[in-house]
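Here's a quick walk through a two-part model. Have the structure open as you read.

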Amino acid sequence: MANDDAVKLVIRVLSQVIADKGQEVPPMTEGTVVLGGDLPVDSLDLAVSIVQLQNQTGRDPFREGFINFRTVGELAALYDAA
Amino acid sequence: MDRFDRNARIIRDGVAVEGDALLQRASELASRLRSSGARCVATASGRADVVAIALLAAQSADCGLILSRRGAIPLDAQNGIGEADVLLADDLQTSALLGSTADRGFSVAISTSGTTGRPKLAWHSLDALLGRVHAPGGDHPRPRWLLTFHPASFAGLQVLLTALVSGASLISVSNPSVASLAEAAIQHRPTHLSATPTFWRSFLAILGPAPVELSLRQITVGGEAVDQATLDRLAAAFPGAGIAHIYASTEAGSLFSVRDRRAGFPAAWLREPVEGVQLRIRGGVLEVRSPRAMLGYAGGESPHRSLTDDGWLSTNDRVDIRGDRVEFLGRVDSIINVGGAKASPEAIEAVLLDVPGVVEAQVYGARNPITGEVVAADICLERGIPEAQAKAAILERARSRLQAHEVPRVLRFVDTVAVSDTGKKKRKT
């Protein structure tokens, strides 16, 4: 489980990326699936979100390689303070 | 140097060293070099007067001269500086170095810029270095050049040599920054100024709305591909000045200049040699055959290693023919890879620089685990322009002129971008 701050941060970053594309931002929760259905987000948008998350947290959870995640909550958990 | 004009003088922080004094110090240094049997001198001096004296002395003593830039080439054998047997300091004192090879006679080695990758030393003959240097004819008042480059860079040496053979005053500062050079320009009123596009953009921003007061006669742009927006800004700021962009590299030498105020160069030059230089495009990359190319790299690396099988030198500049023009797309090694799609930082910067209010743009790849890289841009804005408004304008322009993967996805607003000691934007690799 990710803490609230991390979830809020991920939702804020995803919302900004979607808004930057000129698309409507749908409501998001911890359970929202990031890629493949719930959100108007493609892999490039997700790549951008991860760069933004790294810029804002100073953390790079993918440094050692890709880690699977499906939902907003699972992505947020990677940026939780250890 | 036979072509040395005694009227030349070098002004450093407001203090002038006259041509006769340069000659006298060079002659003293040359006799010390001769009596110690020196075969190759190295200096890491950033002072134009020291580099000028070293050039004159090395020629007179018929020994090699290695011009290094502090931080660019460390003084070790592996980089070929091991060829030097004498080290020359700022105060013209010499000390012995261990290195030495066969006599190469008078020639000059300059460090490549190392904008990407490790710098190397390239040996040149003085004839090749002077190949495109002309003393102005007629009775123009003597030129005053402002030295914006390190005197030991290829472009800086071209400016220095030009000043020495045309009897010009060369204005230099000991702590070069865009701000200190703008101050020197206002104080000393140069007539000629050569700089990278990156330098020119910050120079214009610092000078503000009234740069015409500088009354420059000749503007030279080089070292990086120049975009049309920067040429247009220069033409608007200095309506009376001639504007040339120079195509040169430390390896290929000074190739040609373009004076029609348009980015790129005429496609006709691919058929007819220009200024003795043959040009061709292979695999989207510009290749040249130049009478002014380097003699070779230092450290024994054969120049032929950088040549194609049929003797052409790759410039590592990607180009494209568009109408009657060959346009520069960017360096081969600066490409950003966005999930397999290629993006050129230079081409994207040219689009961003065309947005009103954008003073400077640096585009780079931001790493991520999904696509490898995404396009990111650091932007410097004119003072007083709100970031939100600029961001909207930049993204709108980028989306209308670039492919989806080329549109910067990460925008940061910054005060300055990182510049190397050759005045070029640093490229991340």
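How much surface does chain B expose, and what share of it do carbon and sulfur atoms supply? Chain B exposes about 18,200 Å², and carbon and sulfur atoms account for 49% of that. Keep in mind that this is a predicted model.

## Chain B as a whole

Let's start with overall dimensions. Chain B has 429 residues and a radius of gyration of 22 Å, which agrees with the value near 22 Å for a compact globule with that many residues. Its C-alpha trace spans about 65 × 50 × 40 Å along the principal axes.

Inside, 54% of the 429 residues of chain B count as buried. Take the contacts in chain B between residues at least 6 apart in sequence, and 65% of them join residues at least 24 apart. As for secondary structure, chain B comes to nine helices and 25 strands.

## The seven-stranded sheet

One piece of chain B to look at is an open sheet of seven strands, in the order S6-S5-S3-S4-S7-S8-S18, with mixed pairing. The edges belong to S6 (94-96) and S18 (296-297) of chain B; each has a single partner strand, so one side of each is left without a neighbour in the sheet.

At the S6 end, S5 (residues 86-88) of chain B and S6(B) run antiparallel and are joined by three bridges. To find that pairing on screen, go to B:Val86, whose bridge partner in S6(B) is B:Ala96.

There's a helix to go with this sheet, too. Helix H2 (residues 48-60) of chain B lies across strands S3 (40-43), S4 (64-67), S5 and S7 (108-111) of chain B. Relative to S4(B), H2 of chain B runs at about 160°.

## S12, S13 and S14

Further along chain B, S12 (residues 218-221) and S13 (residues 242-249) pair in the parallel sense, over four bridges. One of the residues to click on is B:Gln218, which has B:Gly242 as its bridge partner in S13(B). Between S12(B) and S13(B) the chain passes through helix H7 (residues 228-237) of chain B, making a β-α-β crossover that is right-handed.

And what does S13(B) form with S14(B)? The two make a hairpin, with three residues between them. S13(B) pairs with S14 (residues 253-258) of chain B in the antiparallel sense over five bridges, and B:Tyr247 has B:Phe256 in S14(B) as its bridge partner. So S13(B) takes part in both senses of pairing: it's parallel to S12(B) and antiparallel to S14(B), given that two strands count as paired if DSSP finds at least two bridges between them.

## Chain A

Now over to chain A. How many helices and strands does it have? Chain A has three helices and zero strands, and from the N terminus on its elements run α-α-α.

With 82 residues, chain A has a radius of gyration of 12 Å, in agreement with the value near 12 Å for a compact globule. The C-alpha trace of chain A spans about 35 × 20 × 20 Å along its principal axes.

Of the 82 residues in chain A, 44% are buried. Among chain A contacts between residues at least 6 apart in sequence, 49% join residues at least 24 apart. The accessible surface of chain A comes to about 4,400 Å², with 47% of it belonging to carbon and sulfur atoms.

Methods: Residues are numbered from 1 along each chain as its sequence is written. Chains are lettered from A and ligands numbered from 1 in the order in which they are written. This is a predicted model: local features need pLDDT of at least 70, side-chain atom pairs count only at pLDDT 80 or more; totals for chains, interfaces and linings use all residues. Side-chain values use heavy atoms; hydrogens and water are left out. A crossover is right-handed if, with the strands pointing away from the viewer, the path from the first strand over the helix to the second runs clockwise. Contact means heavy atoms within 4.5 Å. Axes are lines fitted to C-alpha atoms, for helices over the stretch in contact, and angles run from 0 to 180 degrees between N-to-C directions. The radius of gyration is taken over C-alpha atoms; the globule rule is 2.2 Å times the number of residues to the power 0.38. Buried means under 20% relative accessible area, exposed over 50%, partly exposed in between (1.4 Å probe, protein chains only). Accessible areas come from the Shrake-Rupley method with a 1.4 Å probe; for residues, only the protein chains shown count as cover.
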